[in-house]
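Hi,

Here is the structure I promised to pass on. Have a look at it first, and then read on for what turned up.

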Amino acid sequence: MTYTPERLVETLTALLDLEELDTDLYRGARLPGGRGRVFGGQVIGQALQAAQRSVEDKIAHSLHAYFMRAGDAEHPIIFRVTRDFDGRSFATRRVMALQRGQPILVLAASFQHQEEGLHHQDAMPDVPPPEALGSEAQVQAEMAGELSDPVRKFLAQPRPIEMRPVAPGDWLRSEPRPPVQHSWFRTVAPLPDDPALHRAVLAYASDMLLLGTSMMPHSVRLGDPRMQTASLDHALWLHEPFRFDDWLLYTTDSPWAGNGRGFNRGRIFTRDGRLVASVAQEGLIRKRG
């Protein structure tokens, strides 16, 4: 089947458009053709959409999620929202994601009325613009000889989000290197003018690139069969408005790893240098046997 960029983004948008079953109860569609474990970003993005459906006058500014079980990509996910608090300035929601009656993720989200206040931010890293970097297809063609068959097949799959890493070979190298990555990303076609959807897509994409950062100093590369990996928790702070169909820079680093876990941080900037989101995640990076 041939996928156009527009069709790929329509599929992602449909994936994040939940079906309302009852008040504060939703069903999230499965990814068409999905097999095996559900991508963690999908569950986060769908859970955020469920929470956003229950708040009318405030905007999501943070979420904290714990993964409990791997989701099954061959089945839909049920999302149950609990309205914990509704105040004048803030509101909080809890979302339980379930499959076959078992919780696979719990998410807490906070919402706020927009208001003026003090402002400062980190400076954006000095990196080449996306136009100066090779497309994913170009990078894959140039590095084809260094890719294993499973990695090559994974990268060849059409995806709704394009990435342009500043140093595309870093995640392939087996020698130790500093735990820092910079990648531009955006959807491959325009999204609808719905800020809540753009936040959900960013939540979906924020689960990319993090876990591998904590393995970079340890002679471990993407898809290494010696490693058992999984996201354990995920936190996202949404600072300012943005569009996910414009290029955003995702810069990640890992200040610590130990006890079979790796801690990763991320910052997301617009092209003009605004810091629009921050991310933190701890993941399982356990050596097998």
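Let's start with a small puzzle: which residue in β9 is the bridge partner of His64? It is Ala235.

Before going further, some housekeeping. Keep in mind that this is a predicted model, in which local features need pLDDT of at least 70 and side-chain atom pairs count only at pLDDT 80 or more, while totals for chains, interfaces and linings use all residues. Residues are numbered from 1 along each chain as its sequence is written, and side-chain values use heavy atoms, with hydrogens and water left out.

**The sheet**

That His64 and Ala235 pair belongs to the match between β3 and β9, which run antiparallel and are joined by five bridges. Helices (H or I, at least four residues) and strands (E, at least two) are DSSP runs, numbered from the N terminus; two strands pair if DSSP finds at least two bridges between them.

Zooming out, β3 and β9 sit in an open sheet of twelve strands, ordered β1-β2-β4-β5-β6-β3-β9-β12-β11-β10-β8-β7, with antiparallel pairing. At its edges are β1 (19-22) and β7 (161-165), each of which pairs on one side only. On average, neighbouring strands are turned by 25° against each other, direction ignored. Angles in general run from 0 to 180 degrees between N-to-C directions, with axes taken as lines fitted to C-alpha atoms, for helices over the stretch in contact.

Take the β1 edge. β1 and β2 are antiparallel and share three bridges, and Asp22 has Leu25 of β2 as its bridge partner. Two residues lie between the strands of this hairpin, where Asp24 takes a positive phi near 60°. Leu25 also stands opposite Arg80 in β4, and the antiparallel pair β2 and β4 is joined by four bridges. β2 has two faces: Tyr26 and Gly28 are on the covered one, Leu25 and Arg27 on the uncovered one.

At the β7 edge, five bridges join β7 to β8, again antiparallel, and Met163 stands opposite Phe185 in β8. β8 is in turn joined to β10 by six bridges, also antiparallel; there, His182 has Thr251 of β10 as its bridge partner.

**Helices on the sheet**

Helix α2 (residues 40-53) packs on the sheet and touches β2 (25-28), β3, β4 (77-86), β5 (90-99), β6 (102-112) and β9. Its direction makes about 50° with that of β6. Contact here means heavy atoms within 4.5 Å. Helix α5 lies across β3, β7, β8 (180-187), β9, β10 (248-258), β11 (261-270) and β12 (275-287), and runs at about 150° to β9.

Then there is α1 (residues 5-15), with Leu8, Val9, Thr11, Leu12, Thr13 and Leu15 buried. Buried means under 20% relative accessible area, exposed over 50%, and partly exposed in between (1.4 Å probe, protein chains only). Those buried residues pack against α2, β7, β8 and α5.

**A pocket worth opening up**

The second largest pocket holds about 790 Å³ of space. It has 23 lining residues, and Gln112, Gln114, Leu238, His239 and Glu240 lie nearest its centre. β3 (59-67), α5 (195-205) and β9 (227-238) are the elements that give two or more residues to this lining.

For the terms: on a 1 Å grid over the protein atoms alone, a pocket is an open set of points where a 1.4 Å probe fits, with protein on both sides within 12 Å along at least five of seven lines, and lining residues have an atom within 4 Å of a point. Grid points are joined across faces, edges and corners, and a volume is the space filled by probe spheres set on the points.

**Three loop residues**

Pro129 is in the loop between β6 and α3 (136-142) and is partly exposed, at 39% relative accessible area. Leaving aside neighbours within four places in sequence, Pro129 is in contact with Trp184 and Arg271.

Arg100, in the loop between β5 and β6, has a positive phi near 55° and is exposed, at 66%. Leu209, in the loop between α5 and α6 (210-213), has a positive phi near 75° and is partly exposed, at 25%.

Enjoy exploring!
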